[in-house]
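Thank you for making time for this. I would like to walk through one structure with you, going from a few side-chain pairs to the packing of helices and then to the chain taken as a whole.

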Amino acid sequence: MESTNTRWKGKGFAEIARSNPMSQTLDQLQQALTQQPKTRAILSGQCVLLEATPAQADLLNRACLGRPIVTAEKDKQWFELGLEEALYLHHHMKCLPIVCENENPMSDDELWARMKSVTKRFPVLYKAYSHLRSKRWVVRSGFQYGADFVVYRHHPALVHSEYAAIVRSPGCDSTRGGEAQLESWPDLQCALRVCGSVAKTLLVLDVDSKGCMAEEERGPACLEEYTVEERVIKRWTPEKCREGSQTVGTSEN
């Protein structure tokens, strides 16, 4: 992904981010989760619930994973993880065991099948999520912007998101029961206008699933064969690109 003008939320926030790299926070979270043998999360419907220790809760917040749940239990902190977040901790970082409602441990294949049953697009959404996270971007839901994800350079408390990401799987979206995204010029123009109005750049992630649904039956192991192509799309403004033109409001000396 190309560099954009990072919009920090306050003076000195860039230095704070440099002093606390996201990779270091994720490593600390991985250690905190694996060092507690009783740590486990529960798959519940469309989310995963995790009871965290104070140290784990602090690191989850700093890593921007999940959302804290307010409860009456003062000595416990619960977090609600999205499906992509939970599988990233379980499968990629290998630091979070997940159990089903009856508290029986779930294998990778069982967990994959349950998460796929929630949304048929889950395999490509997770591949896109893990692709961005592996590059140490912070990834959150982009629902309010009409996108799949929004992407931050660091924690959202420090910086505004730079990208609104839309995930596509050319040739396979229709077989997953969904409509192909950004297949027409009006769709693309709408997405670009929304991104422009909220100061974000449109990022399109094309996930090639190498055979689509048949391969996905093998479980999360199929993700190793997936590839992700990044496309950054911006509106073309003729006034700014025409040879010899000037920006409105400027004059030659």
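**Salt bridges and their surroundings**

Let me begin with Arg40, which forms a salt bridge with Glu103, the closest N and O atoms being 3.3 Å apart. Arg40 sits in the loop between α2 (22-34) and β1 (41-44), while Glu103 sits in the loop between β5 (98-99) and α5, so this pair ties together parts that are 63 residues apart in sequence. Arg40 counts as partly exposed, at 39% relative accessibility, and Glu103 likewise counts as partly exposed, at 43%. I should say at once that what you are looking at is a predicted model, and please keep that in mind throughout.

In the loop between β5 and α5 we also find Glu101, which is partly exposed with a relative accessible area of 47%. Which residues does Glu101 contact, once its neighbours within four places in sequence are left aside? They are Ile42, Leu43, Ser44, Gly45 and Arg114. For Leu43, the separation from Glu101 is 58 residues in sequence, yet the two C-alpha atoms are 6.6 Å apart in space.

The next pair is Asp148 and Arg121, whose side chains meet in a salt bridge at 3.1 Å, N to O. Asp148 belongs to the loop between β6 (138-141) and β7 (149-152), and Arg121 to the loop between α5 and α6 (122-134), so here the pair ties together parts that are 27 residues apart in sequence. Are these two residues buried or exposed? Both Asp148 and Arg121 are buried.

Both of those residues reappear when we turn to Val167, which is found in strand β8 (residues 163-168). Not counting residues up to four places away in sequence, Val167 touches Arg121, Val124, Leu125, Ala128, Asp148, Phe149, Gln181, Leu205 and Val207. At 0% relative accessibility, Val167 counts as buried, since the cut-off for that class is under 20%. From Val167 to Val228 the C-alpha distance is 9.6 Å, with their positions 61 residues apart in sequence.

A third salt bridge joins the side chains of Arg231 and Glu229, at 3.4 Å from N to O. Arg231 is partly exposed, with a relative accessible area of 39%, and Glu229 is partly exposed too, with 41%. These two residues are linked with Arg168 and Asp206 in a network of salt bridges. Across the whole structure, a search finds 11 salt bridges.

**Helix packing**

Let me move on to helices α4 (residues 83-92) and α5 (residues 108-118), which pack with their axes 11 Å apart and at an angle of about 170 degrees. Angles over 145 degrees count as roughly antiparallel, and α4 and α5 are therefore roughly antiparallel to each other. On the α4 side the contact is made by Leu83, Ala86, Leu87, His90 and His91, and on the α5 side by Asp108, Leu111, Trp112, Met115 and Val118. Sorted by class, the contact of α4 with α5 has 7 nonpolar, 2 polar and 1 charged residues.

Which residues of α5 are buried? They are Leu111, Trp112, Met115 and Lys116. Seen down the axis of α5, its buried residues fall within an arc of 130 degrees, so they line one face of the helix.

**Two backbone angles**

Two residues in loops deserve a comment for their backbone. Lys94, in the loop between α4 and β5, has a phi near 55 degrees, a positive value in a residue other than glycine. Lys94 is exposed, with a relative accessible area of 60%. Arg136, in the loop between α6 and β6, has a phi near 70 degrees, again a positive value in a residue other than glycine. Arg136 counts as partly exposed, at 31% relative accessibility.

**The chain as a whole**

To finish, let me step back to the chain, which has 9 helices and 10 strands. Of its 253 residues, buried ones make up 42%. Among the contacts in the chain with a separation of 6 or more, 62% are accounted for by residues 24 or more positions apart.

Notes: Residues are numbered from 1 along each chain as its sequence is written. This is a predicted model: local features need pLDDT of at least 70, side-chain atom pairs count only at pLDDT 80 or more; totals for chains, interfaces and linings use all residues. Side-chain values use heavy atoms; hydrogens and water are left out. Helices (H or I, at least four residues) and strands (E, at least two) are DSSP runs, numbered from the N terminus. Buried means under 20% relative accessible area, exposed over 50%, partly exposed in between (1.4 Å probe, protein chains only). Contact means heavy atoms within 4.5 Å. Axes are lines fitted to C-alpha atoms, for helices over the stretch in contact, and angles run from 0 to 180 degrees between N-to-C directions. Angles under 35 degrees count as roughly parallel, over 145 as roughly antiparallel, 65 to 115 as roughly perpendicular and the rest as oblique. Ala, Val, Leu, Ile, Met, Phe, Trp, Tyr, Cys and Pro count as nonpolar, Asp, Glu, Lys and Arg as charged, and the others, Gly among them, as polar. The arc is that of the directions from the helix axis to the C-beta atoms. A salt bridge is a side-chain nitrogen of Lys or Arg within 4 Å of a carboxyl oxygen of Asp or Glu.
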